[in-house]
Each structure stands twice: as structure tokens, then as C-alpha cells.
Amino acid sequence: MVRRIDGASSLEHRPRSRLVAIGNFDGVHRGHRAVIEAALREAHERRLSPVALTFHPHPAQVLGRGAQAPLTTLARKVELLCSFSDELTVVVEPFTVALSELSPAAFAADCLVERLGASVVIVGDNFRFGHQRAGGLADLTRLGEQLGFAAHSSALSGDSDGPFSSTRVRAALASGDLASANHVLGRPHSLSGRVVHGDARGRSIGVPTANLAEVAEALPPNGVYAVLVDRSSDGVSSALGRGVANIGVRPTSAAGFSVEAHLFDFDRDLYGQTLRLHLVARLRDERKFSGLDELKAQISRDILAAQSVLSAIPNPGGAAWY
């Protein structure tokens, strides 16, 4: 069964057969999990096929409003959403200027009814849709009554600090509070990229690193992190090992910005492969050392600290860490 559908028009035409949960789902955090799990329960009760509808690129990017770096890439978002249930289909609708210019009524009739075959539509309380974001939940409910689908908002989930949200994750990441960001996400924040050739300085001091290019996800402050590393190939991820990563400008050698990771007890060629670094804990700030000897001594301490943090996490075998 194909779990990801690019464009609602590619779905099999099945009128009023689906429950559709709409959202950006950036980060696929604990609040999103609660929404999808509730949608799956309701779909089962109503004997409907569950669908998560998301949009790509982000509307802010298409409309020139300055989109932020995502918490998850599109591929990772789809992977995480699909992990909730084998029954869930993720529809990635291309967001275009033409789509943004549809009226709320046209969007509901064309996308939700005609192409998605929605019988139930679930959105967030602050959901806006249609040209210039003219439509809200009340409009969606009214249109549903006219077009033959039910619409309602999803209940917010959270903790004593407030609702779980992507905004909350971003604020925690920006402040360096990795523990709070990971708490809201329900797993470690991750960065992914392709391994490229670096300057080999790490290897020259006995600490080879994998340098990641094309990292798209939101970055935490520069520093050193304990990480779990997955390798991804053809949409399938598997655990590669534990390690320590540096995010920053490498001031001791003035080598410029990089995201690089040293994997413990690992020295195989990874060039050209795609890795995902799960940031489990922040160990320290990045700082400049007097020379390579002092840097090497600190890296040895960083490795011991990371090993201590990561030792309690069981190896998932052939599966991905998260």
C-alpha cells in the first residue's frame, strides 16, 4: 500500500469515504501525535479511511512571507506520520499561488470533497484557509453542512507549561534548552544531511568526523551534543551508532561553520550517504582552545560525557533509533 500520495488528485475517487486531518505537522510533536491518534480512533469508529493532509512547500515560503527553517524535512515528516498507523495515508498537497487564491468555498468543494472524498474534516482551532486566509473553523463547519461533511477542531494537548506546539519547540531550541524541546517533541530533535569531504582535521588528531551538508532543519545554538546516528537510504532508516557532534564555526582551527559528528568505534567510509543526528543532550558551548592538543583533550572528555549520557539507551538493532 502506498502511504504517501503527492497531490489529492492522485487519490482514488471515493466520495465521503475518508476522515481528513489537516495540518502543517512541522516537528510531528506530541500535540500532533494526539491529533492523529484521535483521528485514527474516530476513523475506526466511523469506518472511514484516515488521511493526514499537509502542504509543501510551506505557504509562507510560496507567498514570500519568510518561512522559518523546518523542524522536520518533508520526508521525515511523512515518515513520522506514517509510523502512527499502517492505515494512515499522508497526502502532500503542492502549495501554489493558484491554490492560495481559491476561495474557502472552492477549496472545500474541490480539494476536500471532490478529490479527498472527505466525510469528516479535523483541523486546529486556529485553522485558516482560502484566499487571504479568509476562512476559519466556523466557515468550514458551515461549508461542510452544505457539501456533506462534518468538521470539528482537535483538542489541544499539553502540560503545565502550556499546549504542545511547534512554536514552543522553536523557542526552546533557540535558547539552547534541548531538554524542553525534546520533551515537547516526544523524541530528540534531529538534523539530517549528506556526508561530504571536510578538511580531515578530525582524522589528523585521531577523531574522524562525518561532515553533513544540506542540513535543512532548525539548528540549536552552536555547541557540542551527544547524538544517536541513523543512516537513511531510499526512504528507509537504520541505526548506525552513538556519537558526539559539534555544531558551529570550529574557532580553534578557524575552519568555518559545520555540522559534524564523530561515531564511537566506527571508521568506515560514509561519503555520499545521508545521516540523521538525533540530538539527545547538549554537553557544552563551543569555544576556542589554545591549540590542537588542548582541543583533543577536550574532545576526549566530550566523548566520555556523551558515552555516559547515551549508554542507557538500548540499541534498536536494525531499526532506526527514532
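This report walks through the sheets, helices and cores of one predicted model.

## Before we start

Residues are numbered from 1 along each chain as its sequence is written. Because the model is predicted, local features need pLDDT of at least 70 and side-chain atom pairs count only at pLDDT 80 or more, while totals for chains, interfaces and linings use all residues; side-chain values use heavy atoms, with hydrogens and water left out.

Helices (H or I, at least four residues) and strands (E, at least two) are DSSP runs, numbered from the N terminus.

## The open sheet

Let's begin with a sheet that stays open. Its six strands follow the order 1-4-3-2-5-6, with parallel pairing (two strands pair if DSSP finds at least two bridges between them). Strand 1 and strand 6 (150-153) stand at the edges with a single partner strand each, so one side of each has no neighbour in the sheet. From one strand to the next, the twist averages 25 degrees (angles run from 0 to 180 degrees between N-to-C directions, and axes are lines fitted to C-alpha atoms, for helices over the stretch in contact).

Now look at one edge of this sheet. Strand 5 (residues 118-123) pairs with strand 6 in the parallel sense over four bridges. Here Ile122 has His152 in strand 6 as its bridge partner. Helix 6 lies across strand 5 and strand 6, and runs at about 160 degrees to strand 6.

## Helix 5 meets helix 6

Two packed helices are described by the angle between their axes and the distance between the axes. Helix 5 (residues 104-115) and helix 6 (residues 137-147) pack at about 55 degrees, with axes 10 Å apart. The two are therefore oblique to each other (angles under 35 degrees count as roughly parallel, over 145 as roughly antiparallel, 65 to 115 as roughly perpendicular and the rest as oblique).

Helix 5 passes helix 6 in a right-handed crossing (the near helix is turned clockwise from the far one by less than a right angle; anticlockwise would be left-handed). Which residues in helix 6 does helix 5 meet? They are Leu140, Leu143 and Leu147, and on the helix 5 side the residues include Ala105, Ala108 and Leu112.

## The barrel

Another six strands close into a barrel, in the order 9-10-13-12-11-14, and here the pairing is antiparallel. Neighbouring strands of this sheet are turned by 45 degrees against each other on average, direction ignored. Strand 9 and strand 10 pair over three bridges in the antiparallel sense, and Val195 stands opposite Leu212 in strand 10.

Helices pack here too. Helix 8 lies across strand 9, strand 11 and strand 14, at about 135 degrees to strand 14. Helix 10 (residues 292-310) packs on the sheet by touching strand 11, strand 12, strand 13 and strand 14, and its direction makes about 105 degrees with that of strand 14.

## Helix 7 beside helix 8

The axes of helix 7 and helix 8 come within 7 Å and cross at roughly 160 degrees. That makes helix 7 roughly antiparallel to helix 8. Helix 7 passes helix 8 in a left-handed crossing. In helix 7, the residues that meet helix 8 are Arg168, Val169, Ala172 and Leu173.

## Two nonpolar cores

A nonpolar core is a set of buried Ala, Val, Leu, Ile, Met, Phe, Trp, Tyr and Cys residues joined through side-chain atoms within 4.5 Å. Buried means under 20% relative accessible area, exposed over 50%, and partly exposed in between (1.4 Å probe, protein chains only). The largest core has 28 residues, of which Leu275, Leu277 and Leu279 touch the most other members. Several elements each supply at least two residues, among them helix 7 (166-174), strand 11 (223-233) and strand 14 (274-285). Helix 8 gives the most, with four residues.

Residues touch, or are in contact, when heavy atoms lie within 4.5 Å. Leaving out residues up to four places away in sequence, Leu279 touches ten residues' worth of surroundings that include Leu178, Pro188, Tyr225 and Ile247. A second, separate core of 25 residues includes Leu11, Val51, Val123 and Leu143.

## Two loop residues

Is Ser17, in the loop between strand 1 (4-6) and strand 2 (18-22), buried or exposed? Ser17 is buried, with a relative accessible area of 14%. Apart from neighbours within four places in sequence, Ser17 is in contact with Leu48, Ser49, Gly117 and Ser119.

Thr73 sits in the loop between helix 2 (59-62) and helix 3 (74-82). Not counting residues up to four places away in sequence, Thr73 touches Ser192, Ala216 and Glu217. Thr73 and Ser190 are 117 residues apart along the chain, yet their C-alpha atoms are separated by 9.9 Å.
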